[in-house]
Amino acid sequence: MKLISGFKILNKHKIQVFLMIILSGLLFSLFGSVLNSNQRQEKAKKEFDKTYGTVKLYKTGENLSAVDLDNYTDKSGKKGLENMCQFKQKLCQEKEFKFTTIGSQMLNIYNKKIPKKFLYSYDSKNPDATDVSFCITKHDKNTIYSVKSLQITDKFFEIFNISIAEGHRFSKDDFIYNDKNTIPVILGNDYKKYFKIGNTFDAEYMGTKRHYIVIGFLRDKSFFYDSSSCEMSSCNTYMIIPAITPATKTYFAKEIALDHTNGIISSKIGAKKTANIFEKHKKETGLTNYQIYVATDNKDDENILETYSSMTKEVTNQFKIILAALTLLAFTINVSVFLNMLRENDANFCIERLCGARQVDIDFEAFVPVFVVLLNGNLLGFLILITFNELTITYLYVQILIGFILIATCTIVHFYMKKLHLHHYIGGKE
């Protein structure tokens with residue numbers, strides 16, 4: 001009987017109940033979505049800490065003056081090239097830290113249509129304002145597409161915890177340049193729609209046209225430190241080629257060797273010791289007079305990784321604040337609307353009390369709208385998360401939230417019903 005009376009209250013306030021179910025469903029689905037995001041963020045933070053730990057990254061590069069550049073390219077002869085190659089080799093073989101070249105010269109692909117997002121000037125953060133017209137050119141009946149490319153050494157994969165989703169990594173022989181070999185290329189994950197392993201194409205790198213073959217694809221969500229933007233960037237739209245060690249003593253070889261001093265050192269031994277080892281290798285290879293540097297000016301407790309780490313912690317804290325706000329909002333809205341619905345039925349409750357109804361009967365009747373709204377809101381939230389592929393085990397925490405809201409709301413409703421004043425309806429206080 002009391003169950004029927006409870007449903008009569010619902011029937012009397014159809015619009016309010018409908019809106020409450022919609023609002024509760026949205027709140028619960030949003031709560032579940034925020035929990036999922038927080039879980040992903042925590043997972044990313046753990047992976048970040050596991051990958052880098054106490055490691056600090058230092059940028060390396062060159063800033064040769066016009067005179068030094070002329071001396072190196074035109075006057076140093078084969079000795080200059082040998083010294084530059086030996087210097088990079090010493091950095092790559094250093095046991096105290098890990099070094100990888102990260103060159104970012106464009107790769108000019110011949111007669112193979114490349115989508116806009118892979119082109120060299122494309123800015124994923126501001127795609128509408130990106131001008132890619134100079135990245136598509138015509139030459140001797142050829143259409144040339146200039147794409148984003150990274151030239152790396154083998155430690156690149158280790159430093160940034162990057163793995164191959166399909167295919168294989170570069171071999172040692174792939175890093176040795178000669179005029180006969182086809183150059184292997186590993187593509188970012190977004191290229192999988194347009195290339196397959198074994199596909200070949202012609203492309204020009206730093207003025208020399210060569211033949212390239214696809215040997216693999218990077219896993220999705222692979223990132224590297226982009227020194228040009230000073231942030232971690234996705235590898236998904238890059239072509240990755242080996243930072244080849246020139247085998248021929250040409251001007252082109254010298255340009256390549258110099259460009260490959262641009263890179264990243266991953267070190268646990270501190271800025272001062274890292275810089276000392278770097279300078280020692282410069283001295284041993286006769287490059288002391290050249291402006292080839294490792295950027296260790298920051299304090300040991302500051303480096304390009306810590307900005308990312310602090311941002312991750314900040315985002316995690318923001319999630320916690322959002323969750324607390326959502327909980328308070330869900331509870332407040334539920335209680336206020338339920339009390340307004342019950343207040344409109346005070347007279348009926350008083351009449352039932354005068355007719356001998358027990359407190360527990362009155363409470364049960366008042367609890368029916370609470371149960372119905374929260375149950376249907378829970379179901380709606382469940383369906384919303386399924387629709388957007390956001391349903392995970394974390395939705396169990398939403399059930400705990402609903403349980404707290406249910407208990408707290410029913411407690412408040414109980415005390416509200418218990419304090420109903422009959423004299424307002426029977427004309428006296430006796």
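## Worked exercises on contacts and burial

By the sulfur-distance rule, the count of disulfides comes to zero. Keep in mind that this is a predicted model.

**Exercise 1. How buried or exposed are cysteine 92 and cysteine 235?**

Start with the cut-off: a residue is buried under 20% relative accessible area and exposed over 50%, with partly exposed in between. Cysteine 92 has 22%, so we call it partly exposed. Cysteine 235 has 0%, so that one goes down as buried.

**Exercise 2. Find the aromatic pair of phenylalanine 170 and phenylalanine 175, and work out which class it belongs to.**

First, the overall tally: there are 13 aromatic pairs in the structure. In the pair made by phenylalanine 170 and phenylalanine 175, the ring centres are 5.8 Å apart and the planes make an angle of 85°. Centres need to lie within 6.5 Å, and planes over 60 degrees apart count as edge-to-face, so this pair is edge-to-face.

Next, check burial. Phenylalanine 170 is buried, at 6% relative accessibility, and phenylalanine 175 is buried too, at 12%.

Finally, zoom out. Both rings belong to one aromatic cluster, together with Phe156, Phe157, Phe160, Phe224 and Tyr238.

**Exercise 3. Which lysines lie over the rings of tyrosine 110 and tyrosine 72?**

Take tyrosine 110 to begin with: the charged end of lysine 209 sits over its ring, 4.0 Å from the centre. For tyrosine 72, look to lysine 254, which lies over the ring face at 5.9 Å from the ring centre.

Now follow lysine 254 into its surroundings. Lys254 is one of the buried residues of α6, and the others are Phe252, Ala253, Ile256, Ala257, Leu258 and Asp259. That makes seven of the nine residues in helix α6 (residues 251–259), so the helix is largely enclosed by the rest of the structure.

**Exercise 4. Which parts of the structure do the salt bridges of lysine 98 and aspartate 190 tie together?**

The whole structure has seven salt bridges. In one of them, lysine 98 meets glutamate 158 at 2.6 Å, N to O. Lysine 98 is in strand β2 (residues 97–103) and glutamate 158 is in helix α5 (residues 155–159), so the bridge ties together parts 60 residues apart in sequence. Both ends are partly exposed: lysine 98 has a relative accessible area of 31%, and glutamate 158 has 43%.

Turn to aspartate 190, whose partner is lysine 117, with the closest N and O atoms 3.4 Å apart. Here both ends are in loops: aspartate 190 between β8 and β9, lysine 117 between β3 and β4, so the parts tied together are 73 residues apart in sequence. Aspartate 190 is partly exposed at 21%, as is lysine 117 at 28%.

**Exercise 5. How are glutamate 279 and lysine 282 placed along helix α7?**

The two side chains form a salt bridge at 3.9 Å, N to O. They are three residues apart in helix α7 (residues 271–284), a separation of about one helical turn. An α-helix has 3.6 residues a turn, so residues three or four places apart point the same way. Burial differs, though: glutamate 279 is partly exposed at 38%, whereas lysine 282 is buried at 5%.

**Exercise 6. Which residues make the nonpolar surface patch of about 520 Å²?**

The patch consists of Ile15, Phe18, Leu19, Ile22 and Leu26. Pick out isoleucine 22: it is in helix α2 (residues 14–52) and is partly exposed, with a relative accessible area of 33%.

How values were computed: Residues numbered from 1 in each chain as written. Predicted model: local features only at pLDDT ≥ 70, side-chain atom pairs only at ≥ 80, totals over all residues. Heavy atoms only, no water. Phe/Tyr/Trp six-rings, centres within 6.5 Å; stacked < 30°, edge-to-face > 60°. Buried < 20%, exposed > 50% of the residue type's maximum accessible area, 1.4 Å probe, protein only. Lys NZ or Arg CZ within 6 Å of the ring centre and 35° of its normal. Disulfide = S-S within 2.5 Å. Patch = residues over 30% accessible without salt bridge, like charges linked within 9 Å, V, L, I, M, F, W, Y side chains within 5 Å. Areas by Shrake-Rupley, 256 points an atom, 1.4 Å probe, with all protein chains shown as cover. Salt bridge = Lys/Arg side-chain N within 4 Å of Asp/Glu carboxyl O. Helix = DSSP H or I, 4+ residues; strand = E, 2+ residues; numbered from the N terminus.
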